[in-house]
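Here are some notes on the model, written as numbered points. They cover the metal site and a set of charged side-chain pairs.

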Amino acid sequence: MKAAVSYDMNQPLVIEEVSLDPPQQGEVRVRVAATAICHSDVHYLRGDWEISRPFIAGHESAGVVVETGPGATLVQPGDRVVVSLLRSCGRCDFCLSGDPNHCSATWPLDTESRIRNSDGQSIKHGVRVASFAEYVIVDQSQLATIPDSMSLEAASLLACGVITGFGAVVNTAQVETGSAVVVIGTAAFWAPLSPARAR
Ligand SMILES: [Zn+2]
Ligand SMILES: [Zn+2]
């Protein structure tokens, strides 16, 4: 598949063919239909935040399930899904107390990669998704199916931007239905990233 790989901080992404291993236990391969750019991606790409390289950025995406690994039963090929960066085991204290975004489980994909470049070099799944690529491999708990009536472009925004704002409103500010609120700080930003280049 083609992917946009970051080899050096603040340098152009390299568009290249990379290989993708099959999904392992509980994992799913999704064909990416749409991916947004979150400012967290920009921080990693620019080197503001540390990450091991090479890596593929992108963690706000939506697409279609194409392959399920052993034990992955929550989705099926053909399902339209939002791909989240959050994994949850459903069994730890956090998950059982309704706080799955703080799940304490560890995952093979925390340390392993399913992606290699043509030199055989392992490429990190950045921000647990790596959606600046034609396909992603993620744990099945990172997927939420969406109705046919929702466009995949709009759905991709649900993966991070929308849930971040929703969490701030519902969990942090504890705004209730019917509350009157003032929204401060909606803003657009421009990030001076270099254009990508082909390898
Ligand atoms: Zn994000
Ligand atoms: Zn858990």
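1. Is E27 buried or exposed? E27 has a relative accessible area of 1%, so the residue is buried. This is a predicted model, and the values below should be read with that in mind.

2. E27 pairs with R114 through a salt bridge, with 2.9 Å from N to O. The two residues come from distant parts of the chain, 87 residues apart: E27 sits in strand β4, and R114 in the loop between α3 (108-111) and β8 (115-116). R114 is buried because its relative accessibility is 6%, and the cut-off for that class is under 20%.

3. The E27 and R114 pair does not stand alone: E112 joins E27 and R114 in a network of salt bridges. In the whole structure, a search finds 7 salt bridges.

4. R87 and D110 form another salt bridge, at 2.7 Å between N and O. R87 belongs to the loop between β7 (80-83) and α2 (93-96) and D110 to helix α3, so this contact ties together parts 23 residues apart in sequence. R87, at a relative accessible area of 4%, is buried, whereas D110, at 31%, is partly exposed.

5. D110 also makes a salt bridge with R128, where the closest N and O atoms are 3.9 Å apart. The cut-off is within 4 Å, so a reader who sets another limit should check this pair. Since R128 lies in the loop between β9 (122-125) and β10 (135-139) and D110 in helix α3, the pair ties together parts that are 18 residues apart in sequence. R128 has a relative accessibility of 30% and counts as partly exposed.

6. Which residues coordinate the zinc ion (ligand 1)? The donors are C38 (SG), H59 (NE2) and C160 (SG), at 2.0 to 2.2 Å. Along the chain their spacing reads C-x20-H-x100-C. Of these donors, C38 and H59 are 21 residues apart, and they link distant parts of the chain: C38 is in the loop between β4 (27-36) and α1 (39-46), H59 in the loop between β5 (55-56) and β6 (60-68).

7. On burial at the zinc site, C38 has 12% relative accessibility and counts as buried. H59 is buried too, with a relative accessible area of 1%. Water is not among the atoms, so the site may look incomplete.

Methods:
Residues numbered from 1 in each chain as written. Chains lettered and ligands numbered in written order. Predicted model: local features only at pLDDT ≥ 70, side-chain atom pairs only at ≥ 80, totals over all residues. Heavy atoms only, no water. Donors = N, O, S within 2.8 Å, 3.2 Å for Na, K, Ca; no water. Helix = DSSP H or I, 4+ residues; strand = E, 2+ residues; numbered from the N terminus. Buried < 20%, exposed > 50% of the residue type's maximum accessible area, 1.4 Å probe, protein only. Salt bridge = Lys/Arg side-chain N within 4 Å of Asp/Glu carboxyl O.
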